[in-house]
Amino acid sequence: MFVSLQMKGYAEKSSWIRKMFEEGVRLKQEFGTNNVFDFSLGNPDVPPREEVLAVIERLAREMNHGYMHNAGYPQVRHCIAEFVRREYGVNVSGDDIIMTCGAGGAMNVVLRSILNPGDEVITLAPYFVEYGFYVENFGGRLVVVKCSEDFMPDITNIRKAITEKTKAIIINSPNNPSGRVYPQSVLDGFKGLLDGFPGILLISDEPYRRIVFDNIKLPSVLATVPNSVVVTSASKDLSLPGQRIGYIAVNPGIPERKELIDTFIMANRILGFVNAPAIMQMVMAECIDMNIHVENYQKRRDLITGVMDDAGLTYARPEGAFYLFVKSPIEDDVEFCRALAGEKILAVPGTGFGWPGYVRFAYCTSESAITGMAPGLLNVVDRLRG
């Protein structure tokens with residue numbers, strides 16, 4: 001048998017996100033796209049700005065398409081560093097930036113660089129399920145610590161989970177799946193915790209950083225926690241998920257910063273990425289300040305929370321990203337999702353995010369889909385509640 005036992009197991013349990021997405025494909029083929037209300041996949045439907053598309057078209061013709069340094073074009077890394085200085089308030093240089101194949105590529109580069117077999121990485125439930133696969137790629141073990149009921153990190157519980165094998169903690173704010181934003185007080189808690197554990201790296205996964213609502217300003221992980229790195233991408237804020245462009249920003253406060261950066265660059269190469277996509281590096285550098293119109297997502301958040309209010313469902317109000325994490329009307333969140341699928345509504349069970357009893361709705365979809373699902377949702381909730 002050619003397939004490894006580990007990969008066979010992954011394929012069998014798969015991701016609930018992908019399972020529901022594939023169910024949506026089937027339903028759309030059977031009933032038509034307009035008759036299916038798909039909230040399964042966090043795939044931005046807001047198109048890139050016209051200015052971004054114009055830059056892509058121009059650069060495709062003008063730029064050199066040859067090989068480059070594995071860390072990315074120096075001029076691109078310089079431009080990204082200037083943005084990071086403004087956004088995070090830390091004095092990074094182009095040498096502290098490594099261009100990657102999206103945030104997923106960035107996360108794998110960091111984990112490949114720091115993990116030895118048997119090392120542990122802590123993450124906080126509810127969490128993005130791929131973290132487990134990424135950690136296991138390099139012989140590590142994911143340790144899941146539950147957040148409090150409002151989906152905020154519990155520093156006391158995180159401290160209890162730390163062992164001599166703990167190498168890193170992964171955080172994600174704005175969070176997928178809850179949409180919660182971690183305030184400065186939470187980052188201060190991580191700083192106080194990690195001041196006592198200088199060998200633990202805080203990895204902040206931030207692809208939704210610039211999709212925040214109600215004039216909230218995200219605090220800076222890099223300015224707060226010295227032993228930290230940020231992994232991020234242009235997938236959400238430039239609405240370019242299929243282009244797979246992102247970067248790692250390394251905190252200048254890390255004592256062995258140069259050695260760590262050199263290792264990141266080597267990992268970028270040997271994992272098979274070699275370097276981030278050439279055109280998209282240049283596009284990201286030119287368009288780094290061209291954020292999508294966030295008010296589109298805020299309007300949808302307000303619309304979908306209104307639908308949930310009418311159905312009598314509870315949730316933690318999201319301050320960012322484009323996800324709503326809703327408490328299931330019955331204990332079995334998987335059964336709730338099956339019942340929703342019967343009304344051609346696709347959502348993802350919280351079980352897939354390490355938080356049973358809840359369901360994620362990705363509202364990066366049309367307003368008509370949000371309002372259109374309301375009757376079916378009400379039918380399901382009324383039926384399940386008897």
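This is a short walk through the structure shown above, from its overall build to its core, its salt bridges and a few spots on its surface.

Hi everyone, and thanks for coming. Please keep in mind throughout that we are looking at a predicted model.

Let me start with the chain as a whole. Its secondary structure comes to 15 helices and 12 strands. How compact is the chain for a globular protein of its length? The radius of gyration is 21 Å, close to the 21 Å that the globule rule gives for 386 residues, so the chain is as compact as a globular protein of that length. If you turn the model along its principal axes, the C-alpha trace spans about 60 × 55 × 55 Å.

Two percentages help to fill in that picture. Buried residues account for 56% of the 386 residues in the chain. Then take the contacts between residues at least 6 apart in sequence: 75% of them join residues at least 24 apart. On the outside, the accessible surface comes to about 16300 Å², and carbon and sulfur atoms make up 51% of that.

Now let's go inside. The largest nonpolar core has 101 residues. Which residues have the most contacts inside it? They are Ile 169, Ile 203, Ile 248, Phe 361 and Leu 377. Among the elements, helix α5, residues 102–114, gives the most to this core, with six residues.

I'd like to pause on Phe 361, one of the residues I just named. Leaving aside neighbours within four places in sequence, its contacts include three aromatic residues, Phe 39, Phe 322 and Tyr 323. Phe 361 also meets Ile 304, Met 308, Leu 324, Val 326, Leu 340, Ile 345, Ala 347 and Met 373. Try selecting Phe 361 on the screen and you can find each of these partners around it.

There is also a second, separate core, and this one has 33 residues. Val 52, Ala 81, Ile 245 and Met 284 are among them.

On to charges. As a general reminder, side chains of opposite charge can pair when their charged atoms come close. This structure holds 19 salt bridges, and I'll show you a few of them.

Arg 49 pairs with Glu 51, with the closest N and O atoms 3.1 Å apart. Are these two buried, exposed or in between? Arg 49 is partly exposed, at a relative accessible area of 23%, and Glu 51 is partly exposed as well, at 37%.

Another salt bridge joins Lys 167 and Asp 119, where the closest N and O atoms are 3.6 Å apart. Lys 167 belongs to strand β5, residues 166–172, and Asp 119 is placed in the loop between α5 and β3, so this pair ties together parts that are 48 residues apart in sequence. Lys 167 counts as partly exposed, with 24% relative accessibility, whereas Asp 119 is buried, with 12%.

The next example links two helices. Lys 299 forms a salt bridge with Glu 367, again with a closest N to O distance of 3.6 Å. Lys 299 is in helix α12, residues 295–311, and Glu 367 is in helix α14, residues 367–372, so the pair ties together parts 68 residues apart in sequence. Glu 367 is partly exposed, with a relative accessible area of 32%. And there is a network to look for too: salt bridges that share partners join Asp 214, Arg 301, Asp 302 and Arg 317.

Let's finish with a few spots worth clicking on. Phe 2, Val 3 and Met 7 make a nonpolar surface patch of about 400 Å². Phe 2 sits in the segment before α1, and at 90% relative accessibility it counts as exposed.

Cys 79 is in helix α4, residues 74–88, and is partly exposed, with a relative accessible area of 29%. Cys 79 and Gly 94 are 15 residues apart in sequence, while their C-alpha atoms are 7.5 Å apart in space.

Last stop: Phe 273, in the loop between α10 and α11. At 26% relative accessibility, Phe 273 counts as partly exposed. What does Phe 273 touch, not counting residues up to four places away in sequence? Its partners are Cys 101, Gly 105, Val 109 and Asn 268. From Phe 273 to Ala 60 the separation is 213 residues in sequence and 20 Å in space, C-alpha to C-alpha.

That's my tour. Thank you for listening!

Conventions: Residues are numbered from 1 along each chain as its sequence is written. This is a predicted model: local features need pLDDT of at least 70, side-chain atom pairs count only at pLDDT 80 or more; totals for chains, interfaces and linings use all residues. Side-chain values use heavy atoms; hydrogens and water are left out. A nonpolar core is a set of buried Ala, Val, Leu, Ile, Met, Phe, Trp, Tyr and Cys residues joined through side-chain atoms within 4.5 Å. Buried means under 20% relative accessible area, exposed over 50%, partly exposed in between (1.4 Å probe, protein chains only). Helices (H or I, at least four residues) and strands (E, at least two) are DSSP runs, numbered from the N terminus. Contact means heavy atoms within 4.5 Å. A salt bridge is a side-chain nitrogen of Lys or Arg within 4 Å of a carboxyl oxygen of Asp or Glu. The radius of gyration is taken over C-alpha atoms; the globule rule is 2.2 Å times the number of residues to the power 0.38. Accessible areas come from the Shrake-Rupley method with a 1.4 Å probe; for residues, only the protein chains shown count as cover. Patches are made of residues with over 30% relative accessible area and no salt bridge: like charges are joined within 9 Å, nonpolar side chains (Val, Leu, Ile, Met, Phe, Trp, Tyr) within 5 Å.
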